Amino acid sequence: MPARVHAILVVRADGHPAAPFHARRTLAALDRQTRLPDDVTVVLCGDDPRTLEAVGVAAAGSEVETGSDGRPAILRAPAGTSFADAVELATRTVQILPATETSAVASGTVDAVAWLGDEASRDAAAAPTAPAEPPARRGGDAVWLLAQDTAPEPAALERLAGALEVAPTAAFAAPKLVRWDDRGELVSLGVTMTRYGRTVGLADGELDQGQHDIVEDVLGSDVRGILVRGDVWRELGGLDRALAGADEGLDLGVRARLAGHRVTFASQALIAVAGDGVAGLPTPVDAVRRRHIAYATRTAQLHRRLAYAPPAALPFQWLAILPLALWRTIRRLAAKQPGLVAPEWGAAVVALVRLRAIARSRRRIRETRKVPWSQLAPLRISQVELRERLEEEPDAPTTAPARGELRFFTGGGAWLVLGALVVSIAAFPALLAWPVLGGGGMLPLHPVLGQLWADTAYGSRAIGLDTVGPADPFAALVAVIGSLWPIAPSRALVVLWVLAIPLAALGGWFAATRVSDRPVLRFTGGVVWALAPTFLAALIQGRPSAVLLHLLLPWLFYAGSVAHRAWVPAGAASILLALCVACAPALAPAFVVIWVGALALDIILRGGRGVGRLVWLVVPAVVFAAPLVWYQLRNGSALGLLSDPGAVWAGPQVAADASGRASLAAGLPTGDLAGWATMLPGADLWWVPLLAAPVAVLALIAPLTQRWAAGAVLLVVGALGLATAFAAVGISVAFTQSESVPLWPGTGLSLAWLGALGGALVTLDAAIGSGREPGVGHVASPVLARRLAAARSGLALLVMVAIAVLAVPSLTALTRGTALIGPGDQSTLPAFVAAEGRENPDVGTIVLRPQNEGGVAARVVWGASETLGGQATIVSTRPRATDADRDLAELTADLVTPAATDVVARLAEDGIGFVLLAPSDPPESDAARALRLGAATSLDQRDGLVAVGETAKGSLWRVTGDVAPRPAAPASATTFVGLIAAVQLVVLGIAVLLAIPTAASRRAARHTSRVVGPHWQEGR
């Protein structure tokens, strides 16, 4: 056995409430050792009064013999002192190590040294003296490393010393670490590493059944409780202070192996550890500790990798730190661990700049190494063994409600989608024959895929004389849709219109799964959502942004309602929220209110466990909208941010009066009562709004049911949507020609329908569909249950029939010829211009359109056509005329009047090569006809203009002279484009990685209820 054992106990409060108790238990455990340590040094870090009292009282009453004065020494150090620094301080003080290397701790971080002996010895210790000569080296000495939360069993030291005696070549003996409150569970019993330095515990977290007691020889161990030979401790220089509190025992074992020693285990020596984090890593009980563990572990791994690397590989290992951090960031995000990204980069930066520590560690290894690195290979863990060790275990039992089968096919979901497809084909039979969808607010998509995506970036806009600014986020969604049919992007919109009703039914069915697990209610949700009046009105009027919003909203509800649970739905919901805001910016205030409410509910009901995920929900939407917000606010057009994206079109909708808002309250976005006034002109249609009454009444009852919390939340969602629709009809922020265009209220009504439909399903599921008596946990009698189920099915059928009747005019509008959509053209410009524009997207065309009220509307179109993705709200919502607008007005006036100015030369200087005189909106007034004829005469008389001829789009002239290239965007805009694109792509990539499910996320999801808020006690 060792001749003398010096125990070093490091105590640090760190604000841990149990630190004083842990310190008392550890000191008491030292007193009960069957083989008492010969010397005890307590390094007390910090000034916590309770810890000072605990250590002082316990130490003063200790029976541990520590040399001549008979009592343990207490060294004082700053609160932030690490375990390795504290141990080095203690070993230098008692001269276990020769004082050849100075350190920050040994040279100046000790506040005071107090010896619990007599006054003379204390004064002698405090007096300045010449450096004492180290005592004679005693090979039988040993150092026992302890912390406040490492309480050894009575025979622990005796068995550790015995293990060193029977293994003369062992550098240190390691104990079996068990849980503080349960000695039957292993905390650590040996540590090894992979070829690349990853630390792997050999038995961490296992139940102790003696299965590992035969283990004697390993690469390393946990640093807590190890008994190190004094001569080896001096030879190796103690612990490596650069390891940040992780892998210190492993590193000591590696260096001991390289010095020709080995590591042995005393499996019968038990030490209970609480995981305070003073020595070793803390117990990961919260997010803060998990981040600390990730930082310490990665810092230690990178430091060891650089310290162990061959000299030739060291520069490459150092250069690979940042690329590896980026790769591991991607893996962290894919593993749904975004909270560990910051520790990853923090460790990478520390490893990059801490070159002196790396040099010191490499020098230590070089000076003590006696055996080649190859001798460590048998003790490392192979990749095959690691995969077997990390293989996923079967699902653990849980008290959370088990998730049932989705039953999409057996529960009627597949039949619903198939039936909706049949209805869609019957309602739009000619759609598949149209190459381009036109009419209403429809425009073709750019035929060149590259230009389709170019319209999504900050830069020169596709309309306007000289407009440079951000694109609408909606342009990115249009580009995604067009990319699905890259040969003819406009065809993708036609296919979308055919599939819109079945896609809406699919989304409604899945959204209903968050409300009820009953097939009939899910079926009802799909039917009502697919036949909602606001959706069908957007389809037949040609409003692409409103159609896309209606298709996206149920998926936002599906993912967003459980975003607080896990990162997969949070990532998906963040993308969907950004898309919904892009389609309907007017809904942004409502979304903000819902988001704030979700944060408050999570903090109140769940203690804020999901706040981080909820905060992430708005990040992509904010990042993608930020350039547009900055531009509009800088130009004094804050209300312009609410403008509907896409073509500015004043289609039919309700008026901003009492009757119009009454229609909105019934869920009808147009003044023709969902088309019934057109279908049955002159008929008394007072009953039409009552068709939406079943949904509204059931939604209002929802807060009165057993599931009142879910019902109330959905009712608030519906109210926010209705309020948005009410406000929209009174706000006009966009202008086309000489007409102001109010916001489309249908997007607000889509949100209102979502809340109302969800509330109605809650009522049907909870109030009369549960089959349980109020306040009673057992199922009611079979007869009552059957009657309740029949009543539920009857009401669900009533809701579906009422909405189906309401949808009849819209579903037959195309057949009856009252739909506003129709076959469109590949270009809004004449074919001659379109052909040249496809080759040169910078060719400009000024379009002049006489107004029936007088005057001429002018706009400049660049490229082959006006496109849906090329529209820009920064042009259509300008609150005041810009210099470019005034220049365009002067050009127009000079073109349509017989002025003597050389206006054609100015056109060529601005990059405009064509002039198109378009017909007025029918019916053409006399004033418009006179203005058109006069303008045509003026243009014919212009030198430098050659008449191309009459086309279906109007009369066309071409500039014959040299046309200057389109003015390029400023150089600063190019830099801005790169920065914006980089940030947006990074955020989108993070959201996508978070949204991709993994095996672990799917396994966790199976143990949570698919239905949100089955009753208020769940708080989910």
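With a relative accessibility of 3%, Cys45 counts as buried, a convenient place to begin a walk through this predicted model. In the pairing of strands, Cys45 stands opposite Ala77 of strand E3. Strand E2, which covers residues 39-45, runs parallel to E3, and five bridges join the two. Strand E3 itself spans residues 73-77, and four of its five residues are buried, so the strand is largely enclosed by the rest of the structure.

Cysteines also appear elsewhere in the chain, and Cys583 is a helpful example. This residue is buried, with a relative accessible area of 0%. The closest cysteine sulfur to that of Cys583 belongs to Cys580 and lies 6.6 Å away, which is too far for a bond. Across the whole structure, a search finds zero disulfides.

The nonpolar interior comes next. The largest nonpolar core contains 115 residues, and those with the most contacts inside it are Phe428, Leu431, Ile501, Phe535, Leu539, Phe591 and Trp753. Helix H18, residues 489-512, gives the most to this core, contributing 14 residues. A second, separate core has 42 residues, among them Leu75, Ala147, Val178 and Val263. Returning to Leu431, its contacts beyond neighbours within four places in sequence are Leu437, Val494, Trp497, Val498 and Ile821.

Further along the chain, five strands build an open sheet with mixed pairing, in the order E20-E19-E21-E23-E22. Strand E20 (856-862) and strand E22 (945-951) are the edge strands, each pairing on one side only. On average, and with direction ignored, neighbouring strands of the sheet are turned by 20° against each other. Strand E19 (residues 844-850) and E20 run antiparallel and are joined by seven bridges. Here Pro850 has Val856, in E20, as its bridge partner.

Helices accompany this sheet. Helix H35, residues 883-896, packs on the sheet and touches E19 and E20, with its direction at about 65° to that of E19. Helix H37 (residues 926-940) lies across E19, E20, strand E21 (912-917), E22 and strand E23 (954-959), and runs at about 145° to E21.

A closer look at one residue, Ala475, links separate parts of the chain. Ala475 sits in helix H17, which covers residues 473-483, and its relative accessibility of 3% makes it count as buried. Not counting residues up to four places away in sequence, Ala475 touches Asp455, Thr456 and Gly869. Its C-alpha atom is separated by 8.4 Å from that of Leu452, a residue 23 positions apart from Ala475 along the chain.

Finally, a word on confidence. The protein chain has a mean pLDDT of 85, and 88% of its residues reach 70 or more. Confidence is highest in helix H21 (residues 544-560), at 97, and lowest in strand E4 (residues 112-115), where the mean is 34. The pLDDT is below 50 over residues 769-780, a stretch with 17 contacts in the model beyond near neighbours in sequence. Over residues 1015-1020 the pLDDT is also below 50, and that stretch has eleven contacts in the model beyond near neighbours in sequence. Where pLDDT is low, predicted coordinates should not be read in detail.

Conventions
Residues numbered from 1 in each chain as written. Predicted model: local features only at pLDDT ≥ 70, side-chain atom pairs only at ≥ 80, totals over all residues. Heavy atoms only, no water. Buried < 20%, exposed > 50% of the residue type's maximum accessible area, 1.4 Å probe, protein only. Pairing = 2+ DSSP bridges. Core = buried A, V, L, I, M, F, W, Y, C linked by side-chain atoms within 4.5 Å. Contact = heavy atoms within 4.5 Å. Axes fitted to C-alpha atoms, helices over the stretch in contact; angles between N-to-C directions. Disulfide = S-S within 2.5 Å. pLDDT = per-residue confidence, 0-100.
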